[in-house]
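Colleague: I would like a close look at one part of this assembly. Please take one contact between two chains, and follow the strands that lead away from it.

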Amino acid sequence: MHFARVIGTVVCTEKVPAWKGQRLLLVQPCDSAGKPSAARPLVALDSVSAAPGQLVFYVRGREASTILANPENPADAAIVGLVDDVREAPGAMR
Amino acid sequence: MHFARVIGTVVCTEKVPAWKGQRLLLVQPCDSAGKPSAARPLVALDSVSAAPGQLVFYVRGREASTILANPENPADAAIVGLVDDVREAPGAMR
Amino acid sequence: MHFARVIGTVVCTEKVPAWKGQRLLLVQPCDSAGKPSAARPLVALDSVSAAPGQLVFYVRGREASTILANPENPADAAIVGLVDDVREAPGAMR
Amino acid sequence: MHFARVIGTVVCTEKVPAWKGQRLLLVQPCDSAGKPSAARPLVALDSVSAAPGQLVFYVRGREASTILANPENPADAAIVGLVDDVREAPGAMR
Amino acid sequence: MHFARVIGTVVCTEKVPAWKGQRLLLVQPCDSAGKPSAARPLVALDSVSAAPGQLVFYVRGREASTILANPENPADAAIVGLVDDVREAPGAMR
């Protein structure tokens, strides 16, 4: 799972039927401190009612589709948690 | 999910049986404003009747195959929505 | 799906049982005009009787395994179509 | 599977229901000797009670979800082993 | 599928139950002639009794898990064939 910040919403009236009523958010990948990474923003399904500006973590790939009741949908990115805190272990990487 | 613009169509008479009658479009990955990214164009199944020039978003990976009635087909990219609008939240990334 | 050109065949007597009798081809990723890309050649299952020199398109990932009757096999790349023609829409990317 | 070192823990009260009670660890990808690679840290489910500082290996993609009793969960990274030793074969790569 | 050379073995007593008794090998990605590529070594399940120094090809992603009797295991890389010969077609890439 990767960190990202919610930076916007995507409006699309024409989309696959499996996503009717689902929110699609624009997220910017970032590090654990919220600093944007070089990766481009992407569109993710929202499963935790994330709001613009919040630090979240998301999954990529088919596993994203499992957040909907019917996993036979084409999601390849989904927000799966709101980050409260990241506790780095001092010296772990020495 | 990622943004792309439809830039052409692919004609192939010899293809896997599961895709008979399906449209295959050539898309150029781009950002939310339609600016082409460094990624190469790719071929995607079309599920929303996209037309050349339109801004769409697409999925990558096995989840792409779920847009057909029989998900046991080898699609690894599919267009899943026409983008009407992207509303970026001002200041979200500060 | 991505474009590639068939550049060789791979011979291996010892392989997973699910692939007995299947052809394994060496393909070089390229663009829609057949120009080789920077990506390295890879090995793909063949589902359309592709011949060396032909322009094909292939899928990557688990979806590649669906071209065999029993999808519980470990293929992660498969040729799924012979490219007849790519029609780019003039001006689509302006 | 790839090597990583555990460098912290992630606290999130709001997350997908399938992960209730699961530990989420922050890991830094590294090589077989524990030297950090250029890849960014990521968040992984823990299946082997790894502790900060330990050398582990992890999987990426939907297969990560299979470490939970119900594989219909959105995990895309999971720690699947504690590394005791890596024995490189001298001269294998000559 | 990609080429690699076996360069070592990985010893881990603590690992996911689904892999009990399975060999884990360290492999270095390479090209069809055995020349190491820039990609980092990775850990792969072995399904063909590969030995250090041998040229093999491997799969990445969830499809790797299908080499075990129970595909609900978290493998994301597996060796699936020993390479006997690669026959490149002269002039195919002109």
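Modeller: What follows starts at the contact between chains C and E and then moves into chain E.

This is a predicted model; local features need pLDDT of at least 70, side-chain atom pairs count only at pLDDT 80 or more, and totals for chains, interfaces and linings use all residues. Residues are numbered from 1 along each chain as its sequence is written, while chains are lettered from A and ligands numbered from 1 in the order in which they are written.

Start with the contact. Chain C gives 30 residues to it, and chain E gives 30 residues. Residues are in contact here if their C-beta atoms, placed from the backbone, lie within 7 Å. On the side of chain C that touches chain E, β1 (2-11), β2 (24-29) and β3 (42-46) each supply at least two residues. Strands are DSSP runs (E, at least two residues), as helices are (H or I, at least four residues), and are numbered from the N terminus. The largest share of that side comes from β1(C), with 7 residues. By type, the side of chain C holds 15 nonpolar, 8 polar and 7 charged residues. Ala, Val, Leu, Ile, Met, Phe, Trp, Tyr, Cys and Pro count as nonpolar; Asp, Glu, Lys and Arg as charged; the others, Gly among them, as polar.

Now the pairing across the contact. β1(C) runs antiparallel to β6 (residues 85-88) of chain E, and 4 bridges join them. Strands pair if DSSP finds at least two bridges between them. Val11(C) has Asp85(E) as its bridge partner in β6(E).

Next, go into chain E. All of β3 (residues 42-46) is buried, 5 of the 5 residues, so this strand of chain E is largely enclosed by the rest of the structure. Buried means 20 or more other C-beta atoms within 10 Å of the residue's own, exposed means 12 or fewer, and partly exposed lies in between, with C-beta atoms placed from the backbone.

β3(E) has these strand partners. With β2 (residues 24-29) of chain E, it pairs in the antiparallel sense over 4 bridges. There, Leu25(E) has Ala44(E) as its bridge partner. With β5 (residues 77-82) of chain E, β3(E) runs parallel, joined by 2 bridges. Asp46(E) stands opposite Ile79(E) of β5(E).

Methods:
Two residues are in contact if their C-beta atoms, placed from the backbone, lie within 7 Å.
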